[in-house]
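The exercises below are meant to be worked with the sequence and the structure side by side. Try each task before reading its solution.

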Amino acid sequence: MKLAILSREPNSYSTKRLVAAAVALGHEAVVIDHLQCNLVLEKGKPGIIYKGERLEGFDAIIPRIGASVTFYGTAVVRQFEMMKVRTAIDSQAIVRSRDKLRSMQILSRAGVGMPKTAFTNFSADVPAMIEQVGGAPVIIKLLEGTQGLGVVLAESAKAAQSVIEAFHNLKARIIVQEFIAESKGADLRAFVVDGEVVGAMKRQGKEGEFRSNLHRGGSGTLVKLTRAEKAAALLATKALGLGVAGVDMLQSKRGPLVLEVNSSPGLEGIEKATGQDIAGRIIEYTAALASKKKAKAKPQKGATQAVDAQSDVPAGK
């Protein structure tokens, strides 16, 4: 099969591993910089021009869309979808997961455990918002932050109010979350592919650091998830409609609490911690999607079909 990997970083660990895994499994893999794609919209013939050539003949794509280019990146993924090219991660699922507030609203509705979270647009409501998540200390997060950037630990209510008011004055959108002290600067990353946890690691922040992100100097080690942790990761992934995801969770006294579901999780940390061929699993999943023939449903006479155009989560593949 001919697979396209949408990535701006052809030399990154994740991109190179996906290419190598595709070749090892007998597929052709082409790396395409989605920011260099021009979308052509015409009657009945949506297309993509890349470096002067029209992209054709692809069976499936694997999006690796960075948070800073979500809008254009997902537009490119949508264009492939319009061209009837299968994608490992749906465009709408990427958009859904990137909006921290929206994704947490969806997870809350689905019954996924999470830290108490509050959001407001008015600085006057700050004291009440801090109390709504259990009081100080609290975690304050920029909705647009990634890789641990834009995340602040406020030790006291006074400090929290100062930080929140500063963000509001800058017109920055934030959420406030309860601080889970028992997690001790560590979290779990569960890697999910096609409804199965294919690898998991425990990420520990460096000494004095409450953020466990590997980009912030944290370390990852192999961990065996409990049944509850696996269930939380799978429920969160399903709720957001993601075929491939990295689910970040905290271990707490009341069970696993999901922090975030990443639609473009890095492969280096998880593969080195687990020793598993995660890239291979992603390629196998993508190839299986491409090989599925779209069954032409023939509704029985008199049967009615309802389509919920407002649904947040697309129907399962």
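**Exercise 1.** Which residues are buried in α7?

Solution. The model is a predicted one, and a residue is taken as buried when its relative accessible area is under 20%. Applying that cut-off to α7, one finds that E229, A232, A233, A236, T237, A239 and L240 are buried. These residues cover an arc of only 165 degrees around the axis, and therefore they lie on the same side of α7. A general property of helices helps in reading such a pattern: an α-helix has 3.6 residues a turn, so residues three or four places apart point the same way. On the other side of α7, R227 and K238 are exposed.

The next step is to ask what covers the buried residues of α7, and the answer includes the helices α3 and α4 together with β12, β13, β15 and β16. As for its length, α7 has 14 residues and reaches 20 Å from its first C-alpha to its last, which is close to the 20 Å expected at 1.5 Å a residue. Just after α7, G241 takes a positive phi of about 75 degrees.

**Exercise 2.** Explain why helix α3 is described as largely enclosed by the rest of the structure, and name what its buried residues pack against.

Solution. Helix α3 comprises residues 91–98, and six of its eight residues are buried, so the helix is largely enclosed by the rest of the structure. The buried residues are S91, A93, I94, R96, S97 and R98. They pack against the helices α2 (70–82), α4 (100–110) and α7 (227–240), and also against the strands β6 (60–63) and β16 (255–262).

**Exercise 3.** Which strands are joined to β9, and by how many bridges?

Solution. Begin with β10 (residues 151–154), which runs antiparallel to β9 and is joined to β9 by four bridges; here the bridge partner of I140 is V152. Turn then to β11 (residues 174–178), which is also antiparallel to β9 and is joined to β9 by five bridges; in this case I139 has Q177 as its bridge partner. Finally, four of the five residues of β9 (residues 138–142) are buried, so this strand is largely enclosed by the rest of the structure.

**Exercise 4.** Work out the strand order of the open sheet that contains β1, and state which strands stand at its edges.

Solution. Four strands form this open sheet with parallel pairing, in the order β2-β1-β6-β7. Because β2 (28–32) and β7 (86–87) each have a single partner strand, they stand at the edges, and one side of each is left without a neighbour in the sheet. Within the sheet, β1 (residues 2–6) and β6 pair in the parallel sense over four bridges, and L6 stands opposite P63 in β6.

**Exercise 5.** Describe the one aromatic pair that the structure holds, and locate its two rings in the chain.

Solution. The structure holds one aromatic pair, formed by F58 and F80 in an edge-to-face arrangement, with 6.5 Å centre to centre and 90 degrees between the planes. The pair links distant parts of the chain, since F58 lies in the loop between β5 (53–54) and β6, whereas F80 belongs to helix α2, 22 residues apart. Both F58 and F80 are buried. In addition, the charged end of K2 sits over the ring of F58, 4.5 Å from its centre.

How values were computed. Residues are numbered from 1 along each chain as its sequence is written. This is a predicted model: local features need pLDDT of at least 70, side-chain atom pairs count only at pLDDT 80 or more; totals for chains, interfaces and linings use all residues. Side-chain values use heavy atoms; hydrogens and water are left out. Buried means under 20% relative accessible area, exposed over 50%, partly exposed in between (1.4 Å probe, protein chains only). Contact means heavy atoms within 4.5 Å. Two strands pair if DSSP finds at least two bridges between them. Rings of Phe, Tyr and Trp (its six-membered ring) pair if their centres lie within 6.5 Å; planes under 30 degrees apart count as stacked, over 60 as edge-to-face and the rest as tilted. A charge sits over a ring if NZ of Lys or CZ of Arg is within 6 Å of the ring centre and within 35 degrees of the ring normal. The expected span of a helix is 1.5 Å times one less than its number of residues. The arc is that of the directions from the helix axis to the C-beta atoms.
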